[in-house]
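This briefing is meant for a reader meeting the structure for the first time. Please look over the sequence and the model before reading on.

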Amino acid sequence: MRSSPSPWTGRRRHGLVALLTTCALLCAGLFTTTGVAGAREAAWTPKPSPMTTPWTNQVPVDNPLPEYPRPQLTRSDWVNLNGVWDFAVTAADAGQPGSFPDQIRVPFVAESALSGIQRKITQNDKLWYKRTFTVPSAWNGRRVQLNFGASDWRTTVWVNGQQAGAVHSGGYDAFTYDITPLLNGGGTNTIVVSVWDPSETGSQAVGKQRIRDVAPHPGGGIFYTAASGIWQTVWLEPTAPAHITRLDMVPNLTNNSLKVTVRGAGTSGHSARVTVSTGGTTVGSATGPVGGEFSVPIPNPRLWSPEDPFLYDVRAELVSGTAVADSVGSYTGMRSVSVAKVDGVMRTLLNGRFVFQTGTLDQGYWPDGIYTAPSDAALKYDLQKHKDLGFNMVRKHIKVEPQRWFYWADRLGLLVWQDMPSMDLRTPDAAARVQWEAEYDRIIDQHRSSPSVVMWVNQNEGWGQYDQARIADEVKAYDSSRLVNNMSGVNCCGSVDGGNGDVIDNHIYVGPGVTTPTATRAAVLGEFGGLGFKVPGHEWYPGGGFSYEDQPSIAALNNRFVGLIDSIRELQMPAGLSASVYTEITDVENEANGLLTYDRQVVKVDQARVKAANQALIEASRNPAPPVTLPVNQYKSLRVTTPGHTNKYLRHKDGSAFTEVVDANSTSLLKNDATWKIVPGLADTRCYSFESRNFPGQYLRHRDFRVHKEGGDGSALFKADATWCAVRGSGGVRLSAYNFPGQYLRHYQSELWLATPGGSHAWDNPNTFAEDTTWSVENPWAP
């Protein structure tokens, strides 16, 4: 594993970071310990956070998020402008205010406690930021770039009273201004920034943001507090007149090379040189045209995967003759992503092999910073918890994180499904479509070199949907190295499937349900689960939380969750499912269905048990067990395998199913009642139905959880209820309901029930659940 590409490597210890950062800023002449800046920072205080994360009180006042913010394009010389800025709010149509009466801690949004403002912002407001800086004398003769990680939504920047470039419209992509012509030579410079954010009242990409009170409140559903203004790091860096602006890298495993495109500004007469190394040893190097694709050989590449997230170091240079005009650091991972048929089923492949992708829905919200994690350690924490819980994938839902989040995903080894944040739920007009697609392209450009990103998710559940097929084709053409999901949740909420892309994606709550691959698309479960448990003392709005299925206890939550994962391993994956996304990694505001609480203080589930279930699922995809088959058109008897009851058999009596002791001395009626003809499933011939020996045409079926022997009406519902899919059990076979996968035929107090692992009914009791749902197929008592 490579070390961090940041020039601040080795300084990331809380006390040392603060000390060195303060020293660097003092030496650069950017801040003083006395005067106006010092007084302003001394006067600033955060607001009380509705919930406190482990990092809430560790955020420095004057230099929050001190890490270099762009790990795949690094330079050693830079200055962080995060910290306390002067701040004002005016009417949306107002000009620059005469005074800035408040102070805000950048880069936390105005709605957040960590910003020190914590007020509701609406479409009628405009945010204003102001601060001063001086350019270090060592930068003389170089261009000065002013960089914004992200600002939501329409951002205008002035330096020394002159507008810096064009207005930027977009809430999730980085932007840069060359401010060299606007600077006061050697003197104090003033930055003023205005941001207007209409949130859901506008027509831009907004994700799950909604304008509402910033204090915890009831309701809210699956939408959350808006986040307005600057929300990612702002920084300065010097560059040469000829400099690199972007580095696109695409691994090519077919010929063991890295395809690279070095993009730049002022590069006439220059060429690009890219060197790939590991541990200080060069692996491959190549020179090519700036702006044109060329390949760097990487012989015998060590492949990147969640189990081995190996990263190569990359150095890109602009050269003219023997002179190097610019040099940037980066990194890459060698891996491939594709879809192809495996044993006749369309599957998602990583490095040419099917590996089941098990992950969670990750909203990326924080109770103290809302859109901005309080620290880099916090940003890493959620991803590390995915690894600790055995997941190998994360779906970043309706939000795009800072580039350091992608760095941690790359370094820790998590497959990332990246959603394009949606517009509001209404159908967008022509101007909104142009804006949304332009921002999507910029987002793809900024993250196209990250090895962790394996899928672009274009739209979700029909929110603001339009031109699904066209967009999927265009995204695939724009980045052919990744999978494309034209619509996550095509079965939900009025969404329309574009019919193309690499996957077909269902949302099923609680699920897992059935998602079937097609001839051209792999099947994925884009959302399922939503199991809820509220932890007292760790609720955003006490008593106001909701989930898709509340659990009465932590034990019940563990049993139910592991039951869902086991069901996917036993049933959905063998039937064709390639990936699943559990809702969700943390509680979010009034959503209480996280595996962790919203404040990240409590991991609700048994971490070791969840990890084991996920690892078993992944391993089963790599080394699938042969399918369980039963003898069809033959009479058999089903014996109980639960210790102490192994002399009992499944029989029908008065139209219902029971277990009863059967032996050689039993009556002929009992022997007949305990004999079943195994036939191809009435609803699906890949599964089975059980026909009564002495009542031909009547079958074992579930109805309202109880299991009966019935003739039925030939309807699709009856056929589904009377169809059972065979799953391997310890010492026998388990029978799962065809139309309720993951619910099993179980004997409980001698009665037959449809039982759910971790369910809330008496017959779902976890004691001897596996044994009670496992049956031995024996010779028939009545041949």
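What follows is a short tour of annotated domains, strand pairing, helix packing and nonpolar cores.

The structure is a predicted model, and the domain names below come from an unreviewed UniProt entry, which places a "Glycoside hydrolase family 2 catalytic" domain at residues 378–489 and an "Alpha-L-arabinofuranosidase B arabinose-binding" domain at residues 638–777.

**The span 378–489 and its helices**

- Over residues 378–489, which UniProt annotates as the catalytic domain, the chain is 45% helix and 15% strand, and the C-alpha atoms at the two ends are 30 Å apart.
- Two packed helices are described by the angle between their axes and by the distance between those axes.
- Helix 5, made of residues 430–447, packs against helix 6, made of residues 468–478, at an angle of about 30° and with 11 Å between the axes.
- Because angles under 35 degrees count as roughly parallel, helix 5 is described as roughly parallel to helix 6.
- The crossing in which helix 5 passes helix 6 is right-handed.

**The span 638–777 and nearby strand pairing**

- Residues 638–777, annotated by UniProt as the arabinose-binding domain, are 11% helix and 46% strand, and their end C-alpha atoms lie 5 Å apart.
- Strand 36 (residues 634–640) runs antiparallel to strand 39 (residues 676–680), and the two are joined by 3 bridges, with Lys677 of strand 39 serving as the bridge partner of Tyr635.
- Strand 39 also pairs with strand 40 (residues 688–692), in the antiparallel sense and over 5 bridges; here Ile678 stands opposite Phe690 of strand 40.

**An open sheet of 3 strands**

- Strands of a sheet pair through backbone hydrogen bonds, either parallel or antiparallel.
- In this model, one open sheet has 3 strands in the order 16-17-20, and their pairing is antiparallel.
- Its edge strands are strand 16 (243–252) and strand 20 (293–297), each of which pairs on one side only.
- On average, and with direction ignored, neighbouring strands of this sheet are turned by 30° against each other.
- Strand 16 and strand 17 (residues 257–265) run antiparallel and are joined by 9 bridges, and Pro251 stands opposite Leu258 in strand 17.

**Nonpolar cores**

- The largest nonpolar core has 96 residues, and the members that touch the most other members are Leu383, Leu389, Trp417, Trp436, Phe561 and Leu595.
- A second core, separate from that one, has 31 residues, including Ile104, Ile121, Val135 and Trp139.

Conventions
Residues are numbered from 1 along each chain as its sequence is written. This is a predicted model: local features need pLDDT of at least 70, side-chain atom pairs count only at pLDDT 80 or more; totals for chains, interfaces and linings use all residues. Side-chain values use heavy atoms; hydrogens and water are left out. UniProt positions are given in the numbering used here, feature names are shortened, and annotations may be inferred rather than shown by experiment. Helices (H or I, at least four residues) and strands (E, at least two) are DSSP runs, numbered from the N terminus. Two strands pair if DSSP finds at least two bridges between them. A nonpolar core is a set of buried Ala, Val, Leu, Ile, Met, Phe, Trp, Tyr and Cys residues joined through side-chain atoms within 4.5 Å. Buried means under 20% relative accessible area, exposed over 50%, partly exposed in between (1.4 Å probe, protein chains only). Axes are lines fitted to C-alpha atoms, for helices over the stretch in contact, and angles run from 0 to 180 degrees between N-to-C directions. Angles under 35 degrees count as roughly parallel, over 145 as roughly antiparallel, 65 to 115 as roughly perpendicular and the rest as oblique. A crossing is left-handed if the near helix is turned anticlockwise from the far one by less than a right angle, and right-handed if clockwise.
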